[in-house]
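Colleague: Could you take me through one part of this model at close range, and set it in its surroundings?

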Amino acid sequence: MRITCPHCGARDAQEFTYLGAADPQRPDGMAATEAAMTEYVYLRDNPAGSHRELWYHGAGCHVWLVVTRDTHTHAIASVEAARARKAGAAA
Amino acid sequence: MAEIATSWRPRSAWAGIAQPGSFGAKGKTGVVATLLDGFGLATLIAEPGAATSLSRAVEGRLGIALPEMPRIVSGGAHDAIWAGPDQWLLRAALRDGFQPLLDELAAHAAVSDQSDARAAFRLQGPRTRDLLAKGVMLDLHPSAFGVGETAVTSVAYLGVQLWRLADGPDGPVFEIMVARSMAGSFWSWFTAAAAEFGCRVADQD
């Protein structure tokens with residue numbers, strides 16, 4: 001599998017490290033219920049199809065990426081820098 | 001303060017690892033590795049939004065702007081080499097006068113002197129691409145990787161940065177840089193990979 005890094009171009013998946021689902025947001029630790037924290041820490045969807053996930057380009061530009069990948073086919077629909085998403089969320 | 005005499009001497013990153021000579025297949029030399037030494041090297045990392053002011057400072061001082069794409073830009077005795085978003089390597093041909101330059105640039109970026117932390121060599125010769133194809137997981141065909149392009153990648157599980165300089169009489173010219181602590185492991189891969197082509201190792205002029 002190859003991932004097209006927005007900075008480095010198409011690279012072998014060996015250059016990247018997988019973290020997991022990109023979308024879970026940490027609840028406010030002080031206010032969150034135990035159920036909400038359990039959900040955040042342990043419970044993940046396991047979709048057969050499109051999945052947004054975090055990859056780290058450790059052997060390249062050292063940037064965290066959000067990769068949208070089809071878990072059936074490994075086809076990658078999009079790759080973006082995670083910090084671009086963070087900047088978007090803050091705006 | 002009085003200078004304290006010690007027996008400490010600068011030591012090339014290749015000392016005890018690689019030496020001038022030839023190895024591998026006899027006959028025509030397929031690749032030539034030139035061991036680089038004595039250069040100054042620093043990482044420049046700009047804070048978000050500060051890349052433009054850093055680039056202006058470098059340009060004002062050295063006449064070269066920092067590349068926004070994975071490229072190497074050379075001017076006189078210095079090279080600016082892209083190393084990631086908002087990150088660059090700055091290389092000086094000689095270490096003399098490098099520290100004052102870094103002190104100046106420190107106003108614009110996180111600057112870290114890496115002159116003693118990397119081992120580098122230049123690779124050329126008619127079989128250069130055949131050799132690199134054995135370890136580099138990138139398309140280095142001239143249509144895909146032009147003169148002046150750089151890549152941060154791995155070879156034999158070791159982190160490397162490489163770039164392509166202007167072609168020489170024997171075709172493409174690449175420079176490859178690895179962490180100094182990995183130079184021995186990298187050279188082990190290199191000698192095994194280059195042997196079939198016939199390799200000459202040379203010191204820098």
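**Helix α1 of chain B and the core**

Modeller: The model is a predicted one, and the part I would choose is helix α1 of chain B, which covers residues 51–62. Its 12 residues should span 16 Å at 1.5 Å a residue, and the C-alpha atoms at its ends do lie 16 Å apart, so expectation and model agree. The buried residues of this helix are Ala51(B), Leu54(B), Ser55(B) and Val58(B). Viewed down the axis of α1(B), these buried residues fall within an arc of 100 degrees, and therefore they line one face of the helix. The general background is that an α-helix has 3.6 residues a turn, so residues three or four places apart point the same way. Among the elements that cover the buried residues of α1(B) are β3 (40–45), β5 (78–84) and α2 (98–105) of chain B. Just after the helix, Gly63(B) adopts a positive phi of about 80 degrees.

Turning to the core, the largest nonpolar one has 62 residues, of which Ala33(B), Ile81(B), Trp88(B) and Ile176(B) touch the most other members. Helix α4 of chain B, residues 183–194, gives the most to this core, contributing 6 residues, and at least three residues come from each of domain 1 (21–37 + 117–203) and domain 2 (40–113) of chain B. As for Ile81(B), if its neighbours within four places in sequence are left aside, its contacts are Ile72(B), Trp88(B), Leu89(B), Arg91(B), Thr150(B) and Trp163(B).

Conventions
Residues are numbered from 1 along each chain as its sequence is written. Chains are lettered from A and ligands numbered from 1 in the order in which they are written. This is a predicted model: local features need pLDDT of at least 70, side-chain atom pairs count only at pLDDT 80 or more; totals for chains, interfaces and linings use all residues. Helices (H or I, at least four residues) and strands (E, at least two) are DSSP runs, numbered from the N terminus. The expected span of a helix is 1.5 Å times one less than its number of residues. A residue is buried if 20 or more other C-beta atoms lie within 10 Å of its own, exposed if 12 or fewer, and partly exposed in between; C-beta atoms are placed from the backbone. The arc is that of the directions from the helix axis to the C-beta atoms. Two residues are in contact if their C-beta atoms, placed from the backbone, lie within 7 Å. A nonpolar core is a set of buried Ala, Val, Leu, Ile, Met, Phe, Trp, Tyr and Cys residues joined through C-beta atoms within 7 Å. Domain bounds come from an automatic or database domain assignment.
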